[in-house]
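Please read the points below with the sequence and the model side by side. They are meant for a colleague who is meeting this structure for the first time.

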Amino acid sequence: MTEIQIGQAKRARRAYAFDDIAIVPSRRTRDPQEVNLDWQIDAYRFSLPVLAAPMDSVMSPATAIALGKLGGLGVLNLEGLWTRYEDPSDLLAEVADLEGIDATARMQEIYTEPVKPELVTERLREMRAAGVTVAGSLSPQRTKEFAKVVVDAGVDMFVIRGTTVSAEHVSSQAEPLNLKEFIYELDVPVIVGGCATHQAALHLMRTGAAGVLVGFGGGAAHTTRSVLGVAVPMASAVADVAAARRDYLDESGGRYVHVIADGSIGRSGDIAKAIACGADAVMVGSPFARASDAPGHGFHWGAEAHHERLPRGRRVRFDQIGTLEEILFGPSRVADGTMNLIGALRRSMATTGYTELKEFQRVEVVVDG
């Protein structure tokens with residue numbers, strides 16, 4: 001891969017964001033109705049390759065259940081307001097009314113309330129009673145503390161999600177989470193991330209994870225690049241991790257680890273491009289924040305926005321343009337790719353002649369501009 005000389009002491013390779021690439025039509029087209037979007041991870045099958053990001057602004061137990069019934073997977077943030085407060089509705093409304101710098105300071109106060117194990121259990125059981133696949137997310141720092149509570153509550157899928165997660169975290173302050181041992185001991189499939197390079201992804205796959213999150217999450221609500229200087233453009237990141245999946249498939253003798261794009265998925269075209277670059281599914285945040293039934297009341301934020309020492313996210317305002325179901329399936333009343341995400345994905349695949357997601361991963365793309 002060609003490297004660019006930044007200066008005499010540093011070289012770098014060119015990386016591409018979703019906005020830098022475009023999908024190329026082929027000689028064959030299909031009817032959108034013929035496109036099959038079924039996706040399976042471990043024993044769980046979904047009719048949509050869409051996971052909702054575990055962010056309080058988009059996922060409550062109610063919206064996780066709603067998405068599950070629509071064919072996707074809602075992931076509840078088990079360190080969020082729903083596991084800190086019996087009923088956080090008033091606090092969610094308060095966050096939506098805050099302005100400027102006061103928003104970050106007040107959110108830091110709200111999130112100092114401790115996570116309550118009994119509420120973790122209650123929320124997950126509420127989701128299970130609705131008959132949907134139950135998924136919950138913890139940060140790597142809190143996973144050991146609450147993992148037993150989560151598994152005992154009956155979670156189907158466990159997500160370990162952080163700004164960046166490695167298989168070899170080194171700390172002189174505390175014993176780090178041994179991902180390989182932890183995943184081996186669990187009875188449920190684990191999705192872990194984020195990561196953005198071939199090597200980091202390969203190490204995560206070797207821990208036994210069922211899926212790997214690519215990217216740093218957050219997207220529109222994330223300021224990690226400006227605060228920490230850390231970022232990898234998503235088209236290149238997904239393609240690199242897809243290559244790690246292929247290499248691990250050979251190394252392991254046939255074990256397939258799913259690649260889930262998590263970050264910079266703001267519009268329907270980004271979903272299509274993520275899969276074209278090799279993703280099996282996408283984790284969506286900001287498009288769902290536009291839903292009239294989202295708990296954020298038109299605002300969107302992640303865990304980074306209320307970090308007690310170094311916030312690296314922000315609360316972002318979005319117009320509420322339709323229900324969660326309309327965001328997914330339309331009909332769309334806008335022409336910017338923020339509604340009817342699934343209809344657009346079907347049409348993108350049909351336009352290029354593909355009817356299966358794994359086939360669409362082979363579609364030709366070009367660097368645009």
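**Notes on the predicted model**

1. In this predicted model, the axes of helix H4 (residues 117-129) and helix H5 (residues 140-152) come within 9 Å and cross at roughly 35°, and the crossing is right-handed. On the H4 side the contact involves Pro-117, Val-120, Thr-121, Leu-124 and Arg-125, which meet Phe-146, Val-149, Val-150 and Asp-152 in H5. By character, the residues of this contact between H4 and H5 comprise six nonpolar, one polar and two charged.

2. Eight strands close into a barrel with parallel pairing, in the order E6-E7-E8-E9-E10-E11-E12-E13, and neighbouring strands of this sheet are turned by 25° against each other on average, with direction ignored. As a detail of the barrel, strand E12 (residues 258-262) runs parallel to strand E13 (residues 281-284) and is joined to it by three bridges, with Asp-262 standing opposite Met-283 in E13.

3. Helix H13 (residues 341-351) has as its buried residues Leu-341, Ile-342, Leu-345, Ser-348, Met-349 and Ala-350. These buried residues pack against two strands and several helices, namely strand E3 (21-23), strand E6 (50-52), helix H10 (268-276), helix H11 (286-289), helix H12 (324-329) and helix H14 (357-360). Just after H13, Gly-353 takes a positive phi of about 90°.

4. Most residues other than glycine have a negative phi, and most peptide bonds are trans, so a few places in the backbone deserve a closer look. A cis peptide bond joins Gly-193 and Gly-194, with omega about 15°, and Gly-194 has its place in strand E10 (residues 190-195). The peptide bond from Gly-330 to Pro-331 is also cis, with omega near 5°, and Pro-331 lies in the loop between H12 and H13.

5. Two residues that are not glycine carry a positive phi: Ser-264, at about 65°, and Asn-340, near 55°. Ser-264 is found in the loop between E12 and H10, whereas Asn-340 is found in the loop between H12 and H13. Ser-264 counts as partly exposed because its relative accessibility of 42% falls between the limits of 20% and 50%, and Asn-340, with a relative accessible area of 22%, is likewise partly exposed.

6. Where do the cysteines Cys-195 and Cys-277 stand, buried or exposed? Cys-195 has 2% relative accessibility and therefore counts as buried, and Cys-277 counts as buried at 14%, since the cut-off for buried is under 20%. A search of the whole structure finds zero disulfides.

Technical notes. Residues are numbered from 1 along each chain as its sequence is written. This is a predicted model: local features need pLDDT of at least 70, side-chain atom pairs count only at pLDDT 80 or more; totals for chains, interfaces and linings use all residues. Side-chain values use heavy atoms; hydrogens and water are left out. Two strands pair if DSSP finds at least two bridges between them. Helices (H or I, at least four residues) and strands (E, at least two) are DSSP runs, numbered from the N terminus. Axes are lines fitted to C-alpha atoms, for helices over the stretch in contact, and angles run from 0 to 180 degrees between N-to-C directions. A disulfide is a pair of cysteine sulfur atoms within 2.5 Å. Buried means under 20% relative accessible area, exposed over 50%, partly exposed in between (1.4 Å probe, protein chains only). A crossing is left-handed if the near helix is turned anticlockwise from the far one by less than a right angle, and right-handed if clockwise. Contact means heavy atoms within 4.5 Å. Ala, Val, Leu, Ile, Met, Phe, Trp, Tyr, Cys and Pro count as nonpolar, Asp, Glu, Lys and Arg as charged, and the others, Gly among them, as polar.
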